[in-house]
Amino acid sequence: MGQIIKIYDYISRYEQDIYNYPARFITLKRRQWERLKENWESGYFYTVQWETTEDGFEGIESEELKSPFQRLTERIWKRNRNKKMKDEYDDFTRVKPDTIQELKSFFLDEIFQVQLSWASSTFDQKSFIDTSFLKEWQLKFFAQRFPDTFLFLYKPVFQLKKARVEAETILVTPAEIFCFTFLEDERDSVYIASEERFWEMRAYQRRKRIINPTLALNRTARIIDSILQSQNIEFPITKILIARDGYIDDPSPPYGLKIVDKRDFDQWFQSLRSYRSPLKRDQLKVADSLLSFCLTQAAMRS
């Protein structure tokens, strides 16, 4: 699972100690999975819960899953207790997984909620995260499908001098930095590239102009490059434009831009999924530098 180290301008525990939390997350995730799998194989099924402690975050087991009626009752009670919480946070309709694949899917969804918590709170502060993130496919795309050693910042907001600048999604791997922009429209849409401010999107009986997506990518790459230069860090940066279900017509993309569309998405995706490398010191140094320039807004816990 890729690790979410920053979302927008939300506070993140990784900002406190980027050299500690990534390795800690990998260890805790592995331990929690082994415990959940062991319980499942022995006939007992526990949900995965994590609690905050002053010196870190560790896993705990919750009570055994209740009957559907009990869980429905608890769901209604909890909704009345706190109307601000969305139902997605308390999925009381889950049943015990029948197969190991179902168990893995259940575990990934549980840990995804943990990741959102880690990316929006610390021991004494928290940001008010939009619960729609629980269904944000891009977040899940990075968090659930990539290696544990991949660290990503989801559309972070940088504070550069007096300017507030929103960036595209950034992925920091042990070997390089990727900047991502996704083109999402109708299936089999065709995006006609141009050096101008606008591109053209062509779909079935429909055409429209879209803002040139490379503009945001270039802006994000420049921000990263300027931050790394200020810290005397050298690390390769690659810009990636993705159309999972469409086609990008650009016969001569500019240097430093990689285009991934429906024709080669699966191959590209699998190549990243199969990437194997431990966390690197230089990688953590890069992540630390980026986080130090990110804007953070949070409130003290009551």
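Author: A salt bridge here is a side-chain nitrogen of Lys or Arg within 4 Å of a carboxyl oxygen of Asp or Glu. The model is predicted.

Reader: Why are the side chains of R263 and D261 said to meet in a salt bridge?

Author: The N to O distance between R263 and D261 is 2.4 Å. The cut-off is 4 Å, so the pair of R263 and D261 qualifies.

Reader: Does R263 count as buried or exposed, and how do you know?

Author: R263 has a relative accessibility of 59%. Exposed means over 50%, so R263 is called exposed.

Reader: What makes D261 buried or exposed?

Author: Its partner in the bridge, D261, has a relative accessibility of 3%. Buried means under 20%, so D261 is called buried.

Reader: Why is the contact of K140 with D109 called a salt bridge?

Author: The two side chains meet at 3.8 Å, N to O, and that value is within 4 Å, so the rule is met.

Reader: What makes K140 and D109 distant parts of the chain?

Author: K140 lies in helix α4 and D109 in helix α3, 31 residues apart.

Reader: Why are K140 and D109 called partly exposed?

Author: The relative accessible area is 23% for K140 and 24% for D109. Partly exposed covers what lies between 20% and 50%, so both K140 and D109 take that label.

Reader: How do you know that E186 and R206 meet in a salt bridge?

Author: Their side chains come to 2.9 Å, N to O, and the limit is 4 Å, so the pair of E186 and R206 counts. E186 sits in the loop between β9 and β10, and R206 in strand β12, 20 residues apart. E186 is partly exposed at 32%, and R206 is partly exposed at 29%. These two residues also belong to a network of salt bridges that links D185, E186, R206 and K208.

Reader: How many salt bridges does the rule give?

Author: The count comes to 14.

Reader: Which residues of helix α6 are buried?

Author: In α6, residues 265-273, the buried ones are F265, W268, F269 and L272.

Reader: Why are they said to be on the same side of α6?

Author: They cover an arc of only 100° around the axis, which puts them on the same side. An α-helix has 3.6 residues a turn, so residues three or four places apart point the same way.

Reader: What is on the other side of α6?

Author: D266 and Q267, which are exposed. The buried residues of α6 pack against α4, β9, β13 and β15.

Note on methods. Residues are numbered from 1 along each chain as its sequence is written. This is a predicted model: local features need pLDDT of at least 70, side-chain atom pairs count only at pLDDT 80 or more; totals for chains, interfaces and linings use all residues. Side-chain values use heavy atoms; hydrogens and water are left out. Helices (H or I, at least four residues) and strands (E, at least two) are DSSP runs, numbered from the N terminus. Buried means under 20% relative accessible area, exposed over 50%, partly exposed in between (1.4 Å probe, protein chains only). The arc is that of the directions from the helix axis to the C-beta atoms. Contact means heavy atoms within 4.5 Å.
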